[in-house]
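Good morning, colleagues. I would like to take you through a few selected features of the structure on the screen, beginning with the cysteines.

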Amino acid sequence: MNWRNIRLIYAREIRDQLRDRRTLFMIAVLPMLLYPLLGMSVFQLSQFVRKSEPVILIIGAEQLQAEHTLPPLFENGKFAANLMADPKLADWLHLEFAPNENAATPPSVPSAKKPHAHASGGEDAESARDAVLIAAEERLKTGDVQVVLHFPADFGHRLRELHAQIKARAEGGHEQAARLPPVDIPRPQLTSNSSKEKSAIANMQVEQVLDAWRSQIGRENLLASEIPANVVRPFDLQPHDIAERRQQQALMWSKILPFVLIIWALTGAFYPAVDLCAGEKERGTLETLLSSPAARIEIVWGKLLTVMTFSTATALLNLASLGMTARYVMTQLSAMPRVDLAEGMQLPPIPSLLWLVAALLPMSAFFSALCLACAAFARSTKEGQYYLIPLFLVSMPLMMLPLQPGIELNLGNSLVPIMGVVLLVMSLVQSNYAEALRYFVPVCAVTLVCCHLAIRWAVYQFNQESVLFRESERLDPKRWLVHLVRDRQDTPTLAQAFFCVTLIYVIQFFVQIAVSAHVPAVPDFRFLTLVLFISQVVCIALPALLMAIILTGRPRQSLLLVRVPRLITCMVAVSLAVLLHPLGLQLATWIRELYPVQHEVQSDLEGFTQLLQTAPYAWLPYVIMAVLPAFCEELAFRGFVLSGLRHIGSKWWAIGLSAVFFGMAHGLAQQSLAAAIVGLAIGYIAVQTGSIVPCMLFHMTYNGLMFATQLWPQALQQHPGLTNVVYEPSPGQILYTWPLMLLCGGLAAVLFAWLKRLPYQATREEQISDARSRQSLQAFAPVASEPAKSQLS
Amino acid sequence: MIDVRSLTKAYSDLTRGEVLALSQLTFSAKAGQVYGLLGPNGAGKTTALRILSTVLQPTSGTAIIGGFDCVTQPEMVRHQIGFISANTAVYDRMTAWEMVEYFGRLYGLDDDELRERMELLFERLQMQEIRDLLGAKMSTGMKQKVSIARAIVHDPPVLIFDEATTGLDVLVARALLDTVAELRDQGKCILFSTHIMREAERLCDRVAIMHRGHILAEGTLDELRDQHAERDLEELFFQLIRREMVST
């Protein structure tokens, strides 16, 4: 790679973009205008919100004014200020009073002696009350009022009556009080319209006021009954928050900033990427550049750095503009009643900003490469812009999930692209350095791998003539399906390999759900066997086999079943599995120590192991744990998938990717990591030997040993002499001694060196890639010659 | 300088399956020679030249330019060639000077050498007045001049012109043909594709008449005329195409 060319291309693209008014508008002008405009809108809206006070219609309040024994609910036509957490709210809630139509009638005391002659008068009062409520509800529906609070006609009277009874009991008239009927207090009705947010908010406020008022009445009743108030409220909590102001702010910023930054990093990357790829195709300058001496990878890097520059600049400019506007708006809002946000909207601390910028660069690189690859695929800028939505749809959940309460940085989350970075940045902004440090390596590794993959994908797109010179095709699924089968290649294409992996994951997902729904109350070995069979054969082997048969011209070659391996190759594969087994055990232990398995998962795994030991025959667990996965997973991941991935043009990338996909097919994150590392070794064996058989033998031996190890603690007790070779660091766990592990590692290295010497069969893409990498840089010197110049002049 | 052997290019079409854009194309061209690829639209001229410019990869066969293989040594090949085609446009947001300078730098010319070379080219191609004009504001003729300057700024031994006169007016087309002739006289090996017979008659030392991806006839103009007993190149061309169509 010639960095001079990359620098030249970068400088040209930057200049080109800066001369484009649309780009400049998107990058610089829009953030400067957008946020002040949005801020102005918020400001206007807040004025509007302040003016539109919710109206509370209160029916039957007049009876409460007359009851002097009750604590006041209203003062000067508003709720009493002492009932509100924020006294400013009393001014905000606008009260409108309406009399109860039957308020004029004397309070009816429910009594068996109630004269029936009053019945007709009572019915009139009832219908009048209904009419008032119906009219109030109508006003509620139209939004004229937000809440209706209705006090029944004798509500105040009953409250007084209750108070009097309590007082009478306290003064010794228990017998007299006992003869009185219990006071039945009618319930005030609070009506709101929950489909309207304004009404729901006002309802909440009124509820809080009434709660406070009810508590006051309760306290006065307790006072009257001469019972100490702490009978019903024995203690109060003393809240004590040890978080400093700085930490509280850090928490708030950790929720906002990564999200804003990443959204703009993606948006800022997209438009320049579309212009630099699809735009150049449209303008016809891409072919000019492709016929220049710059290599594809140099072109991609030049363009990538340009897109990254704009992505980073957009994110930072937006952040600065947003911060300044938000600060100004919040300062203004703080002057308004019931708004107390300004204190929290101070600028974030400098370390938080530095962490953000540090995280912005890899994210920006990742998005830039992703956008560049998508844009390279597009025929036109119009088509390129269509790809923005799917990119957003995929990225948004990964950005939003970390913001949810309860989502924490753990091994599983740290391995998810974007999400891991957001969680890591959140930890760093909150100064949780110990936690961040623990997951720093997996997050960075995943992000770097994703960046690299995205860049490779972009380079791959630039090398694909079918992408660069893609022509319009009529959308016809039938023809496309026919084309897939009719024009199939000998081995799977790269796209088919990726599709196979996706298909495996999707089937696994649905099968997992279906199996969870049918787990018997007491699972037995038979059920376990069935589940393992389905998860291996149906989920993994079948998609690969069917795709190989339908979509490739040579299914046996696609599944690496053509070459008959030599006996020595098979022996080397088995030996490697044995030699790598101690290292694999140690690796699995390290992974579990660093990223502990959740307690529930651990108990599930133990249950699984116990279930396996209930097998009717001792060999059966080995068949389902070692032989079955060896056949199924190898056919899929080292057969179909690896064959397709080798069209990338680099055997190392094919091995690495197939190992990652193989790891991801294992449900548990800790298992996935260990499996991916073992997958590298099996992938290498597959490429070097060109046959699936040694891979299956390796896999079978390795899994078999791993399963057998679980039974060794018992053997260790029976044969203490074995402690020279293995030991039990914790109950039920077996590890090999260090000298043995070093010896095994050394011997494994010798066997890998032997495998390296095998003449492996390179694909055409690998041959071309290899030949191209051997091009002499010395020959890149300019070819202009003196005679030619003189002739031209 | 250019040695093409059994060059085949197949691509997959949704409707027709595998389509051969080029079939066993074989020819060679030497320094100081203009080699013409003649053929109607869709004959495979552009595909062949795109392979030679390393933008496309052949399905099989070899193409060697200046001793370098187009498939395995594409970057070396691109140093040897200047490629001008109707599809190689100029940048809208770059001036003529900036564009030629940019490509000169990509070809690895140092500052002094590049400046000297560009001054010569701008003078020779009469581009001084468009020196600071943005590509978007240029006429077709001006753009073509910039393309030529861009393609020869590094003084390559091989030049590939793919229907370079398409869309040019008579004056500009004639100027371009003069430039090609001059470059040939300087010892450059020139591959010139066209479907205009007069251009071929005027310029080409050897021609290959292409149709549907393969060569129908190849040789010097006189050889072709003698072989087919037809003096008029255009008539000869029609006869060959017609005969081919009848036979298939």
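Why is the sulfur of A:Cys444 not in a bond with the closest cysteine sulfur? Please keep in mind that we are looking at a predicted model. The closest cysteine sulfur to that of A:Cys444 belongs to A:Cys451, and the two are 10 Å apart, which is too far for a bond. A disulfide requires the sulfur atoms to be within 2.5 Å. By that rule, the count over all chains is 0 disulfides.

The surroundings of two cysteines may also interest you. A:Cys444 is partly exposed, at 25% relative accessibility. A:Cys744, by contrast, is buried, with a relative accessible area of 9%.

Let me turn to a pair of helices in chain A. Helix α16 of chain A spans residues 419-429, and helix α17 of chain A spans residues 433-463. How do their axes run relative to each other? They come within 9 Å and cross at roughly 155 degrees. Because angles over 145 degrees count as roughly antiparallel, α16(A) and α17(A) are described as roughly antiparallel to each other. Their crossing is left-handed.

Which residues form this contact? From α16(A), the participants are A:Gly420, A:Val421, A:Leu424, A:Ser427 and A:Leu428. They meet A:Tyr433, A:Glu435, A:Ala436, A:Tyr439, A:Phe440, A:Val443 and A:Thr447 of α17(A). Sorted by class, the contact of α16(A) with α17(A) consists of 8 nonpolar, 3 polar and 1 charged residues.

I now move to chain B, and to B:Phe161. This residue lies in strand β7 of chain B, which covers residues 158-162. Is B:Phe161 buried or exposed? At 0% relative accessibility, B:Phe161 counts as buried. Leaving aside residues up to four places away in sequence, B:Phe161 touches B:Leu49, B:Ile84, B:Val180, B:Leu183, B:Ile190, B:Leu191, B:Phe192 and B:Ser193. A further pairing involves B:Ala86, which is 75 residues from B:Phe161 along the chain, while their C-alpha atoms are separated by 9.0 Å.

Finally, I return to chain A for A:Leu223. This leucine is found in helix α8 of chain A, residues 197-224. With a relative accessible area of 68%, A:Leu223 is exposed, whereas B:Phe161 is buried. How far is A:Leu223 from A:Ile166 in space? The C-alpha to C-alpha distance is 9.5 Å, although A:Leu223 and A:Ile166 are 57 residues apart in sequence.

Thank you for your attention.

Definitions and conventions
Residues numbered from 1 in each chain as written. Chains lettered and ligands numbered in written order. Predicted model: local features only at pLDDT ≥ 70, side-chain atom pairs only at ≥ 80, totals over all residues. Heavy atoms only, no water. Buried < 20%, exposed > 50% of the residue type's maximum accessible area, 1.4 Å probe, protein only. Axes fitted to C-alpha atoms, helices over the stretch in contact; angles between N-to-C directions. Helix = DSSP H or I, 4+ residues; strand = E, 2+ residues; numbered from the N terminus. Parallel < 35°, antiparallel > 145°, perpendicular 65-115°, else oblique. Left-handed = near helix turned anticlockwise from the far one by under 90°. Contact = heavy atoms within 4.5 Å. Nonpolar A, V, L, I, M, F, W, Y, C, P; charged D, E, K, R; others polar.
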